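User: I am new to this structure and would like a close look at one part of it. Please begin with a single pair of neighbouring elements and work outwards from there.

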Amino acid sequence: MLEQTLPRIALLATGGTIAGTQVQANSAGYKAGALPIGHLVDAVPGLSNLARIQAEQVANIGSQNMSHDVWGALAARIADLSRQEDIKGIVVVHGTDTLEETAYFLSLVTHTDKPLVLVGAMRPATALGAEGPANLYNAVALAVSAQARGRGPLVVMNEDIHYAREVQKIASMGICAFASPNRGRAGVVRGGEPRFYSRNTTRHTLDSEFSLSALQAAHWPRVDIVYAHAGMDGLLIDALAGHAAGIVLAGVGGGNTTDSALSALSRAAAAGVAVVRSSRTGSGPVDRGGEVDDDAMNFVAAGELSPQKARVLLMLALSVGRDPAQWQRCFEQY
Ligand code: SIN
């Protein structure tokens, strides 16, 4: 295809191991987010046959340092780019540690049906067998594909395509580190050829009621996660209740915890803190009224959302309303 007729894709780089240097991500001296985006693009053979790439560095950090400020800058830039007629799709290059949180956040605040793909790598760019170039190639191929339109942000790792709401990092090492444990992966992309297996049925992007501007106007309501364990008491929850607008319980099993921690959560809810019960297990739903009397305690059940995604949704739910029934509806729809 002639260079001028290739689709234009915007690449927004934020750092991560895909831009990291060292033989392995656990070697001494390892640094995520060390290489500029131009270096990563140059390392992908055949990329210039897929698209005209317009690359920008939004940040260059390890994604453990991903912040609300960078999220705001990223979402605002995606909004600008998605309004530009000549931009056919957007790829976000990201560290893998918080990639799922960014993907889910973007699924709720970006209002576009253009392909939006997030990609990272488990091996640093300078490692033997670095998979970043193949992931980036597949991500750009997906971003130019009409099949990717209207699906909200997609995550490409290790030839798998995941929906933003479903994807989770499930391993700290190795290239098979991403899965969609509740509903399965969205599809695969091999050698740049995407194949979808399913549609996502929850609300996102054009169908989302949330916005970056409302979140910023609400000053990113503070939501903390407390992790349940045997012998948990209410100390941490009582301490948080004076500071947080919302608390997400990463509960045992179906979103449960000790009687004393439940009492502390109930006190927090009575004081106006939004309390959401999720599960630390990694998959499966937390059903309303299942193990805990949510009606009596004024709690919200997180459904299938992981604690870290429940935190994102609760922040956004708090930015549009103060009614626990409305928060619960959000957890049933997004
Ligand atoms: C990061 O999340 O930035 C570091 C780890 C990785 O990208 O795999």
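Analyst: Strands β3 and β4 run parallel and are joined by four bridges. One of these places Val 91 opposite Val 117 in β4. Two strands count as paired if DSSP finds at least two bridges between them. The elements themselves are DSSP runs numbered from the N terminus: helices are H or I with at least four residues, strands are E with at least two.

The model is predicted, so local features need a pLDDT of at least 70 and side-chain atom pairs count only at pLDDT 80 or more, while totals for chains, interfaces and linings use all residues. Residues are numbered from 1 along each chain as its sequence is written, and side-chain values use heavy atoms, with hydrogens and water left out.

β3 and β4 belong to an open sheet of eight strands, in the order β2-β1-β3-β4-β5-β6-β9-β10, with mixed pairing. The edges are formed by β2 and β10 (193-196); each has a single partner strand, so one side of each has no neighbour in the sheet. On average, neighbouring strands here are turned by 25° against each other, direction ignored.

On its other side, β3 (residues 87-93) pairs with β1 in the parallel sense, over six bridges. Arg 8 is opposite Ile 87 in β3. β1 also pairs with β2 (residues 52-61), again in the parallel sense, over seven bridges; there Ile 9 faces Ile 53. β1 (residues 8-15) is mostly covered, with seven of its eight residues buried. Buried means under 20% relative accessible area, exposed over 50%, and partly exposed in between, for a 1.4 Å probe and protein chains only.

Two helices lie across these strands. α3 crosses β1, β2, β3 and β4, and runs at about 165° to β2. α5 lies across β1, β2, β3, β4, β5, β6 (160-163), β9 (187-190) and β10, at about 150° to β3. Such angles are taken between N-to-C directions, from 0 to 180 degrees, using axes fitted to C-alpha atoms, for helices over the stretch in contact. Contact means heavy atoms within 4.5 Å.

The loop between α5 (132-143) and β5 (154-157) holds Ser 145. This residue counts as buried, at 11% relative accessibility. Leaving out residues up to four places away in sequence, Ser 145 touches Pro 115 and Pro 194.

β4 also helps to cover a helix. The buried residues of α4 are covered by elements including α3 (68-83), β4 (116-119), β5, β7 (168-169), α6 (212-217) and α10. In α4, 11 of the 11 residues are buried, so this helix is largely enclosed by the rest of the structure. α4 (residues 99-109) also has the highest mean pLDDT among the elements of the protein chain, 99, while helix α1 (residues 37-42) has the lowest, 93. pLDDT is the predictor's confidence in each residue, from 0 to 100. The chain as a whole averages 96, and 99% of the residues score at least 70.

One of the buried residues of α4 is Phe 105. Beyond four places in sequence, Phe 105 touches Trp 71, Ala 75, Leu 212, Leu 215, Trp 220 and Val 312. Phe 105, Leu 313 and Phe 331 have the most contacts inside the largest nonpolar core, which has 52 residues. Helix α10 (residues 307-320) gives the most to this core, eight residues. The core lies between domain 1 (2-205) and domain 2 (219-333), because both give residues to it. A nonpolar core is a set of buried Ala, Val, Leu, Ile, Met, Phe, Trp, Tyr and Cys residues joined through side-chain atoms within 4.5 Å. The domain bounds come from an automatic or database assignment.

The C-alpha centres of the two domains are 30 Å apart. Their contact takes 19 residues from domain 1 and 16 residues from domain 2.

α10 leads on to another sheet. This open sheet has four strands in the order β11-β12-β13-β14, with parallel pairing. Six bridges join β12 (residues 246-251) to β13 (residues 274-279), and Gly 246 is opposite Ala 274. α10 packs on this sheet, touching β11, β12 and β13, with its direction at about 160° to that of β12.
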